[in-house]
Amino acid sequence: MRVMWKSMDKMRCFRKRSIFPFLGFLIAFLLFFNHYMDDGYVLEAEKRQLGETLIHPPNSERYVHTFRDLSNFSGTINVTYRYLAGLPLPRKKYLTIGLSSVKRKKGNYLLETIKSIFDQSSYEELKEIVVVVHLADFDLVWCENLVQEITRKFAHHIIAGRLLVIQAPEEYYPSLDGLKRNYNDPEDRVRFRSKQNVDYAFLLNFCTNLSDFYMMLEDDVRCSRNFLTALKKVITSREGSYWVMLEFSKLGYIGKLYHSRDLPRLAHFLLMFYQEMPCDWLLIHFRGLLAQKDVIRFKPSLFQHMGYYSSYKGAENKLKDDDFEEDSIDIPDNPPASLYTNINVFENYDATKAYSSIVDEYFWGKPPCTGDFFIIIFNKPTKITRIKILTGTEDRQNDILHHGALEVGQKSVDTKQGRQCTSYITLGEFKVGNIEVSNVDHKIGFDIECVRIVITASQKEWLIIRSVSLWTAQPVAQI
C-alpha cells in the first residue's frame, strides 16, 4: 500500500497547484482516446519501443505519437508471463480478484490475505471466483520460496483452478531510472510508485479474459464474510446504470471493482502515465476519462487493511477503514425499481438517492403534507422478506418523518402520474423517524409490486429519507 507520510498535508496543497497542467493534458488525451478507440489498429509495438516511449517526459507531441503506436486500447499487451502456480481454466468466472505483491522489509501479509479470501467465501461462492497473484519482485529466490509456501498451503485451490500465481519478467518493464520527480517525491519513492503502476498494469493485462468482473485488492487485507454475495447484490442493483469503477473500501487500491472489458484500457493507461503519479491518483483520472464523474463507494466496506508495515521501506502504516464490517451478508438486495414522490425535492436529492447504498446519498424534500407519498415500484413482482427505512441524519436529526405509515401493494396499473398499485396493505407506523418490518412474506399473501411511504400528518420540518433497504427471498444456492 502507498505510504502516507507526515508531510501529506503540505503535499496536498502542492498537489492542487501542480495537478491542473496534467488535467489539461488528460483532456487532450481523452480526445485522442475517443477518436482512436473505434479504429481497428493492432498493437504491434515491440517491448523495447514501449519502454523507450514511456520513459520520456510528457509533452503533447510525444504522447500523441505514443498513443498512436498503442492505439488498440481494447487489445492486451504482448507479455509472456511465467506461470509459477496453477493454470487458467477455459470457463470464464464471475469475478477475478487481483493481488500484486513484492518483498517487504518488514512483515509479509500475502498468505493471510489469500486465506481470508477463501475462508470468507462459501462453497458456492468459490465456484465463481479466481484469485490471481502477481509476484512482482525481481528477487527470484524470494519468489520461489513464496511460491512453495503458497503451493503448500493452498494446493487444493490451485488444483481447482481458483488460484494462479504469475510473474511478468523484468525485461518487459520500462526503464525505472531517471524518472520524473513529480510532487518533490524522493527518487526511491518515485521509482517505487512508478514500478507499482507497471506491476498493476501487467496484472490487469493478464486478467482481461478470466471473468466478467475484476476486483483489485492489495496484499495486506482481510475480507468480510460472503463478500462476493454482497458484491453481486450491488452489481445487480446497478443494472441499467453506467459505471466504470465501484468502490468497496475507502483506502488505497483496495476493493476497486471494474468490468473486465475495461481492463486493457486501464492497463495501457497505467503504462502510459506510470511515472506521473501514484496508481490511486491515476485511477481517478481514468474514471473521469470514461465519463464517471463521481465516486461510487458503498457502505459497509467489504475489505479492511490489516498490514502494519508498508511495502515501501517497511514504514509503519496503521490506516484502517472505519466503514468496514466483518459480516457483510446483511447488505440489502434492493431489487430494480422505479421511484416516485410528490414531495418537493430539494436540489438534486431525488428519490433514487434513498434507494442507493452509496455513501452520503439520500432523499431530501421540503416539508411534506398529509397524504404526500414516496413510492417504490418494482420492475416485476417480488417476494420481500424484510423492510428497513431510516430518516434523518446525524447532522439533521429533526429532518425525520414524524408521522407516516409503511404500505405494500399489488396490482399495478399505468396512470397519468406513472405506474401505481391499486391495492395496499399497511405494515406499520414510523416511530422516531424509522421503521423495520421482518417476515414480510409471511404477513402478506402476495408478491409485492409497490412499497409506499405515506405522510399521515403535515410537518414543518424538511424530510430526509436516508435509506430504504429491502431484502428478498432468494434460493439457498444464492445465499
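**Exercise 1. Work out which cysteines are bonded, and how that bond sits in the fold.**

Start with the sulfurs: Cys-421 and Cys-450 form a disulfide, with their sulfur atoms 2.0 Å apart. The cut-off here is a pair of cysteine sulfur atoms within 2.5 Å, and by this rule the count comes to one disulfide.

Before going on, a word on the model: it's a predicted one, where local features need pLDDT of at least 70, side-chain atom pairs count only at pLDDT 80 or more, and totals for chains, interfaces and linings use all residues. Residues are numbered from 1 along each chain as its sequence is written, and side-chain values use heavy atoms, with hydrogens and water left out.

Next, handedness. The torsion about the S-S bond of Cys-421 and Cys-450 is about 85°, so this disulfide is right-handed. Then place the two ends: Cys-421 sits in strand β15 (residues 418-429) and Cys-450 in strand β17 (residues 448-455), so to speak distant parts of the chain, 29 residues apart. Helices (H or I, at least four residues) and strands (E, at least two) are DSSP runs, numbered from the N terminus.

Last step: are these cysteines buried or exposed? Cys-421 has 8% relative accessibility and counts as buried; Cys-450, at 0%, is buried too. Buried means under 20% relative accessible area, exposed over 50%, and partly exposed in between (1.4 Å probe, protein chains only). For comparison, Cys-369 comes out as partly exposed at 41%.

**Exercise 2. Lay out the sheet that holds β15 and β17.**

Read off the order: it's an open sheet of five strands, β10-β12-β17-β14-β15, with antiparallel pairing. Two strands pair if DSSP finds at least two bridges between them. Now look at the edges. β10 (337-341) and β15 each have a single partner strand, so one side of each is left without a neighbour in the sheet. On average, neighbouring strands are turned by 25° against each other, direction ignored; the axes are lines fitted to C-alpha atoms, for helices over the stretch in contact, and angles run from 0 to 180 degrees between N-to-C directions.

Zoom in on one pair: β14 (residues 404-415) runs antiparallel to β15 over ten bridges. One detail to check there is Gly-409, whose bridge partner in β15 is Tyr-424.

**Exercise 3. Find the largest nonpolar core and follow it to α11.**

Begin with the count: this core has 48 residues, and Phe-202, Leu-204 and Tyr-253 have the most contacts inside it. A nonpolar core is a set of buried Ala, Val, Leu, Ile, Met, Phe, Trp, Tyr and Cys residues joined through side-chain atoms within 4.5 Å. Elements giving two or more residues include α8 (187-206), α10 (263-272) and α11 (279-289), and α8 supplies the largest share, eight residues.

Then trace Tyr-253. Beyond its neighbours within four places in sequence, its contacts (heavy atoms within 4.5 Å) include Leu-204, Leu-266, Cys-279 and Leu-283. Cys-279 is itself buried, at 4%.

Finish on α11, where nine of eleven residues are buried, among them Trp-281, Phe-286 and Leu-289. Just after this helix, Ala-291 takes a positive phi of about 75°.
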